[in-house]
Amino acid sequence: MYFTAKAVNDKTHMFEALSDLVFSYIKVYHADSVWYYMSLLKDVGTLEESHPYLFFLRMRLFAGRVRNNKVETAITEELAFMGKENIGGNDIYIQMEQTFITGYALCSEGKYEEADPYLETAYKLACQLPYEEGFKFRICTVWNFLSTLNFIDKGDLYIEYVEK
């Protein structure tokens with residue numbers, strides 16, 4: 001699908017095909033393939049066009065690494081990525097990724113009370129995006145946020161968010 005879309009310069013389908021590949025490799029934890037396809041995805045369009053895809057996939061990659069007991073690697077790579085000069089902190093995708101990753105990392109250490117405000121912020125940022133664009137971000141962030149609410153015994157708030 002990627003090569004067909006590339007042949008007709010259909011950026012949307014190029015982004016979607018590469019995102020599907022990256023997500024599939026995240027699930028089976030083939031990091032080299034993840035990075036290869038993410039680099040292709042990055043080159044498909046402008047930085048603004050690729051942000052919704054790249055930052056969502058970076059969030060999922062971080063979570064995958066944590067699930068595979070690679071927390072130190074995940075944190076080290078995230079710090080290196082965020083330390084690059086071309087990464088600005090005012091972009092909503094960057095803010096969402098940073099707050100999600102911070103909260104997720106804290107959860108991996110059992111620090112749910114500390115993780116809660118980060119995951120809540122990530123979810124609220126996802127809610128600021130247009131519905132279709134933000135859907136995958138809301139799904140990714142809300143379940144992690146709701147899980148922390150259960151761990152810290154905030155059942156009323158949990159029910160409020162579930163009803164939304």
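This passage describes the fold of a predicted model, beginning with the whole chain and ending with single residues.

The overall picture is a pleasantly simple one to follow. The chain contains nine helices and zero strands, and a walk along the sequence gives the pattern α-α-α-α-α-α-α-α-α. Of its 164 residues, 43% count as buried. Among contacts with a separation of 6 or more, 54% are made by residues 24 or more positions apart in the sequence. The accessible surface of the chain amounts to about 9300 Å², and carbon and sulfur atoms account for 52% of that area.

Next comes the interior. In soluble globular proteins, nonpolar side chains tend to be buried together. In this model, the largest nonpolar core has 49 residues, and those with the most contacts inside it are Val22, Leu41, Leu57, Phe62, Met96, Phe100 and Phe137. Elements that contribute two or more residues to this core include helix H1 (2–7), helix H2 (11–27), helix H3 (31–44) and helix H5 (71–82), along with H4, H6, helix H7 (112–128) and helix H8 (131–151). H4 supplies the largest share of the core, ten residues.

Helix H6 makes a good example for a closer look. It covers residues 92–108, 17 residues in total, and spans 24 Å from its first C-alpha to its last, close to the 24 Å expected at 1.5 Å a residue. Its N-terminal end is capped by Asp91, which has a side-chain oxygen 2.7 Å from the backbone nitrogen of Tyr93. After the helix comes Gly110, with a positive phi near 75°. H6 is largely enclosed by the rest of the structure, because twelve of its 17 residues are buried. Among them are Tyr93, Ile94, Met96, Phe100 and Leu106, as well as Glu97 and Thr99. Met96 also shows which parts of the chain meet this helix: apart from neighbours within four places in sequence, Met96 is in contact with Ala122, Leu125, Ala126, Leu129 and Phe137.

A residue of helix H4 (residues 47–67), Ser50, rounds off the tour. Ser50 has a relative accessibility of 0%, so it counts as buried. A polar atom of the Ser50 side chain lies 3.2 Å from the backbone oxygen of Leu47. With residues up to four places away in sequence left out, Ser50 touches Phe15, Leu41 and Lys42. Of these partners, Leu41 has already appeared among the residues with the most contacts inside the largest nonpolar core.

Note on methods: Residues numbered from 1 in each chain as written. Predicted model: local features only at pLDDT ≥ 70, side-chain atom pairs only at ≥ 80, totals over all residues. Heavy atoms only, no water. Helix = DSSP H or I, 4+ residues; strand = E, 2+ residues; numbered from the N terminus. Expected span 1.5 Å × (residues − 1). Buried < 20%, exposed > 50% of the residue type's maximum accessible area, 1.4 Å probe, protein only. Polar contact = N/O pair within 3.5 Å; in protein donor to acceptor, adjacent residues only side chain to side chain. Contact = heavy atoms within 4.5 Å. Areas by Shrake-Rupley, 256 points an atom, 1.4 Å probe, with all protein chains shown as cover. Core = buried A, V, L, I, M, F, W, Y, C linked by side-chain atoms within 4.5 Å.
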